[in-house]
Amino acid sequence: MNREWLPIKTTPWTMGLILLALLILIQSSELPQRLDYWLFDKATTAAPAPLSSQVAIVAIDEFSLDRLGRWPWQRTIHAELIEKLTSAGAKTIVFDVLFPEPSAEDTVLAGAMRRHGNVVLPIHLSPPTAHQLLSEELPAPELTAAASSLGHAHVELDEDGVARGLYLFNGLGNQLWPSLSLAASSFPGNGSDTHPAPPFMNVRDEYRAVPLVGGAGTLPTYSYIEVLNQPPAPEVFEGKTVFVGATAVGFGDILPTPFSGLSRPMSGVEFHANTFSALNQDLLIRRAPVWVSPTLTLAIVLALSLLLPRMRPTRTIAACLMTVAVLLVAHFSGLFVANLWIPVANALLVPLLALPISSGFRLAMTNRFLNRQLDDLARSPHISVPEPSRRHPAQLLEHFQALLQPEGWLLCEGPNTLSRRGLTTADIPGNLEAGHWVHDSNRSWIELLRGNTTYTLGLILPNDLSREAIQRYLRRLHLKASEGHLKKEKPRENISARIERVRLATERLNHMQQFIRRSFERMPDGIIVTDELAVIRFANGHIEEWFQEPMPSLAGLPLARLLEGHDPRETPPWHETVSETLTLRQSRTVDLRIRNKDFLIHFAPFALPDSDQHGIIANISDISELREQQRQHREAIDFISHDVRSPLVSQLALIEQLKRDPSHIEKAQLDQLGRLARRSYHLAEEFVQLARAEQLTETRFYECEFLAIVENARDSVSEQAAEKNIQLQLQGTEDLWLKGNAELLERAVINLLTNAVQYSPADSAIDIQVYRAGHQACLTIGDEGSGIDADELPHLFDRYRRQKRSELAGVHGTGLGLSFVKIVVEKHRGEISVASTPGEGSTFTLKLPIADPLA
């Protein structure tokens with residue numbers, strides 16, 4: 001069984017079933033009910049109900065008990081209170097005091113009640129005991145007859161023990177009594193028989209939640225003893241409903257409320273007074289029908305199950321938050337506007353559960369996708385170049401032997417020799433440091449640590465110009481094992497392991513992309529990649545340089561338009577070549593010329609893997625050098641066919657003439673034969689020297705002194721100058737050290753001096769100056785010859801180029817001498833220039849970089 005055995009998908013069915021299952025499971029706890037109570041408490045305590053001006057409380061408090069004595073008081077005292085309240089104009093008097101047993105003072109109390117006319121007395125439903133069933137406790141018969149109405153004094157405690165409301169009707173069987181607050185407001189008589197039920201059954205009807213005015217002590221409350229002892233106060237009780245009951249601590253019923261809990265509970269008389277205040281203002285809150293909560297919950301489940309799987313993660317969060325907000329607004333609007341308590345706890349739990357479930361599904365799907373992608377990445381090819389520091393010394397030696405071809409080597413593991421040739425352990429220097437090369441002439445040594453083992457590796461390098469470059473290369477190699485190569489501790493958590501795998505895969509992809517990008521940039525050819533409409537989507541730096549178009553303008557430019565703008569042509573037009581590449585899916589190779597340079601562009605169609613998209617990869621190669629070589633090759637063939645063949649043909653003709661008459665060989669004929677042979681030799685020599693100059697590289701450079709090179713060149717042409725009585729005047733005393741090839745430099749100076757002598761008149765002078773100018777060694781050669789025409793100066797260093805003036809004067813050359821000089825100077829990263837005035841002479845200036853400018 002693999003890790004993807006469970007087909008997890010975010011669908012409406014999976015979302016809906018899981019939400020319903022969780023909701024059913026949550027119903028076994030008290031969470032939904034407690035959440036509904038908490039929302040109700042927060043709403044009613046945040047916005048308390050307004051206080052009705054028609055209610056007041058006469059409290060049987062500690063002060064009254066202290067003055068009037070222990071409870072129960074004589075009923076004449078209650079009659080006196082009724083008389084006081086009657087005189088004060090109280091509209092209704094509600095007693096939250098039980099009078100179940102008859103008393104001799106009932107006549108006095110009943111008389112006071114009749115004189116007032118609106119006195120409400122409570123009844124109490126006694127809970128069942130082991131010896132008695134549930135029963136009603138009514139006031140004494142005489143008091144019951146005198147009371148205007150009777151009402152039950154029961155307050156409903158919710159499951160959490162907090163009083164939030166009561167039943168407007170409560171009783172046994174078919175006799176339902178109104179609550180004290182309802183009896184005080186509507187005077188419904190002694191009860192109602194509209195709810196038939198078996199005898200001795202507690203029947204309750206029409207539950208109402210009570211929005212309290214505040215905590216205990218919020219309603220206007222007056223002490224019982226103070227009302228008795230003071231004159232009537234119409235300004236306090238006029239037209240009001242007065243509730244009389246106990247508020248003393250430990251006396252009477254104590255009710256925790258949303259405002260207080262158990263810290264400061266409310267007395268029963270205060271709760272009934274709050275109920276009357278809310279009833280008088282029509283603020284009592286009804287419970288919504290039982291079917292509302294499950295219907296609302298199912299609707300939310302259905303809506304979120306259909307919507308969330310189709311939404312983006314950010315919109316999922318917004319949808320869940322919006323659902324919560326709408327439910328809360330509906331809940332609070334129902335409480336404060338419609339006086340309706342809608343239980344929304346279950347509906348609220350749906351979005352709160354849906355968000356993590358939806359996120360969990362998405363994470364699971366993402367996890368499965370990442371697992372597949374990571375597995376694909378692990379199987380896909382990637383660029384992996386092991387570091388040299390991880391290779392075994394024996395493997396390093398094998399690679400060095402294949403790459404550098406050393407003349408000898410030595411590999412030791414501690415005191416044991418593993419491989420040797422031309423070196424022994426006695427040759428190992430004593431100052432070796434792990435991971436650092438030590439070079440002694442053409443011998444290079446290094447000490448390597450692999451684990452707890454020490455290896456010593458020595459090489460004998462070729463003792464030529466490449467030795468120094470090889471030693472610099474060896475110093476750049478990192479062969480010292482670093483601590484980062486130690487095995488890292490694998491993460492123990494599954495998510496951490498996944499993150500680590502993603503990080504490694506991302507690094508691998510980044511390395512691959514960087515490798516591809518750098519490979520495209522370092523390719524000698526220009527690369528253009530287009531889409532299926534032949535619009536450029538990628539180009540490397542060569543394209544930007546050759547076409548002189550900034551990279552931002554290249555992206556999005558049609559390929560045909562780019563080519564037409566730089567090399568317009570009619571047959572075949574560029575758009576035809578590009579379109580045929582895409583439509584026929586056939587490669588094309590076409591010549592291209594940009595800014596006097598020759599290119600070859602190869603169009604190759606390609607198709608993206610697992611896609612119908614196609615495009616073109618255009619490879620542009622700079623063949624200017626190749627075309628120049630072809631031109632030079634043709635010129636060389638023409639030169640050989642004419643200049644080289646002519647003296648050879650003349651020599652053969654002269655030899656045949658001498659063979660026909662060997663007895664009459666004249667000296668002039670031999671001199672002519674010698675001149676022709678020397679001319680052929682000079683042509684061959686100049687070809688050889690030119691080839692050597694073209695193949696010159698910096699690996700054949702070494703330190704040489706420029707003044708000595710010029711002196712040797714002067715001495716080489718001194719005999720030729722003496723024949724024409726030309727003075728070679730050398731000026732320069734400073735040693736100027738260069739990094740170059742002294743032999744070819746000397747040949748270049750000889751060519752310049754030879755030309756100067758050849759084109760200078762007899763009995764003249766050639767001025768030679770060697771000096772330093774900044775970081776350059778300079779040479780100037782000035783003659784007093786015929787000079788060079790201005791129109792010939794730009795082509796002076798071209799191959800096989802000869803001056804018309806010299807040819808007409810009878811001075812014949814090959815046209816290779818100055819071309820050789822220019823090539824040698826350019827190979828040494830120098831420059832050469834000429835200044836000439838016809839009839840006055842020419843001056844050649846040669847500048848070469850000094851090897852060490854700070855020396």
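This is a short tour of salt bridges in a predicted model, with a few residues to select at each stop.

Before zooming in, here is the overall tally: the structure holds 17 salt bridges. We'll visit some of them.

**Stop one: Asp 160 and Arg 164**

Select Asp 160 and Arg 164 and show their side chains. They form a salt bridge, with 2.6 Å between the closest N and O atoms. Now switch on a surface and look at each partner. Arg 164 is buried, at 2% relative accessible area, while Asp 160 comes out at 24% and counts as partly exposed. Because the cut-off for buried is under 20%, Asp 160 at 24% misses that class.

Keep those two selected and add Asp 41 and Asp 158. What links these four residues? Asp 41, Asp 158, Asp 160 and Arg 164 are joined in a network of salt bridges.

**Stop two: Asp 531 and Arg 537**

Next, jump to Asp 531 and Arg 537. Here's another salt bridge, and its closest N and O atoms sit 3.0 Å apart. Is Arg 537 buried or exposed? Arg 537 is exposed, with a relative accessible area of 53%. Its partner Asp 531 has 18% relative accessibility, so Asp 531 counts as buried.

**Stop three: Asp 598 and Arg 593**

Finally, select Arg 593 and Asp 598. Their side chains meet in a salt bridge at 2.3 Å, N to O. On the surface view, Asp 598 counts as buried at 18% relative accessibility, and Arg 593 is partly exposed at 37%.

As a thought to carry through all these stops: side chains of opposite charge can pair when their charged atoms come close.

Conventions. Residues numbered from 1 in each chain as written. Predicted model: local features only at pLDDT ≥ 70, side-chain atom pairs only at ≥ 80, totals over all residues. Heavy atoms only, no water. Buried < 20%, exposed > 50% of the residue type's maximum accessible area, 1.4 Å probe, protein only.
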